Amino acid sequence: MTSAIAAIRNALGIRKHRRRLPRGPQPAPGSMIINGDLRMEVLEGMSPQLWAWLLNLGWRKAMYKYDRRRYAEIPAQWVVELNRAPSEQWDRMLASGTAAARGQGPLPPFRSQGVGWNAPDLDYLSDSQRMV
């Protein structure tokens, strides 16, 4: 029954896309932030610069307590590494976390030592040196 109603609403163009959530202050640790079909938990240590960068990409604090939509969850390990990474590597880290959330590849081993991202750049390694 609900699928028939949904089909009628689609055919008549009644459905409206939700507007983008407004920009807001940096969420508290433990909050969830979303962007499209992705979701991640805000962990301790997120810098204001990282939050401003995520805002520019469209990430917003999840405002709906009982949201029935399905999200791909970015693993907590990637969020920790994103918080530790220098700003030049945020785009690469977020892309890797997104791929991991959508199941498009295995999680590589982390090599962080306190602060910063210390994993080798696999682009310059030969096939024999890669840990695949």
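Begin with the internal space of this predicted model: a search of the whole structure finds one cavity of 30 Å³ or more, and the largest cavity holds about 30 Å³ of space. To display its walls, select M40, I74, W78, V79, L82, M93, L94 and G97, which line the largest cavity. Colouring that selection by residue class gives seven nonpolar residues, one polar residue and no charged residues in the lining. If the helices are then shown as cartoons, α3 (76-84) and α4 (90-101) can be picked out as elements that each supply at least two residues of this lining.

Next, hide the cavity and follow the chain from its N terminus, where the elements run in the order α-β-β-α-β-β-α-α, giving the protein four helices and four strands. Of the contacts with a separation of 6 or more, 63% are between residues 24 or more positions apart, and it is worth keeping this figure in view while tracing the chain.

Now select the largest nonpolar core, which has 21 residues; I33, M40, L54, W59, I74, L82 and L94 are those with the most contacts inside it. Colouring this core by element shows that β2 (38-41), α2 (48-57), α3 and α4 are the elements that give two or more residues to it, and that α4 gives the most, with five residues. M40, I74, L82 and L94 can be left highlighted from the earlier selection, since these names occur both in the cavity lining and among the core residues with the most contacts.

From the core, move to α3 and select W78, V79, E81, L82 and N83, which are buried in this helix. To see what lies over them, add β2, α2 and α4, which are among the elements that cover the buried residues of α3. Then centre the view on L82: leaving aside residues up to four places away in sequence, L82 touches M40, L50, W90, M93 and L94. Of these partners, M40, M93 and L94 also belong to the lining of the largest cavity, as does L82 itself, which makes this residue a convenient point from which to return to the opening view.

Finally, zoom out and switch to a surface representation of the whole protein. The exposed area comes to about 9,300 Å², and carbon and sulfur atoms supply 53% of it. Colouring by burial completes the tour, with buried residues making up 28% of the 132 residues in the protein.

How values were computed:
Residues are numbered from 1 along each chain as its sequence is written. This is a predicted model: local features need pLDDT of at least 70, side-chain atom pairs count only at pLDDT 80 or more; totals for chains, interfaces and linings use all residues. Side-chain values use heavy atoms; hydrogens and water are left out. On a 1 Å grid over the protein atoms alone, a cavity is a set of points where a 1.4 Å probe fits but cannot get out, and a pocket is an open set with protein on both sides within 12 Å along at least five of seven lines; lining residues have an atom within 4 Å of a point. Grid points are joined across faces, edges and corners, and a volume is the space filled by probe spheres set on the points. Ala, Val, Leu, Ile, Met, Phe, Trp, Tyr, Cys and Pro count as nonpolar, Asp, Glu, Lys and Arg as charged, and the others, Gly among them, as polar. Buried means under 20% relative accessible area, exposed over 50%, partly exposed in between (1.4 Å probe, protein chains only). Contact means heavy atoms within 4.5 Å. Accessible areas come from the Shrake-Rupley method with a 1.4 Å probe; for residues, only the protein chains shown count as cover. A nonpolar core is a set of buried Ala, Val, Leu, Ile, Met, Phe, Trp, Tyr and Cys residues joined through side-chain atoms within 4.5 Å.
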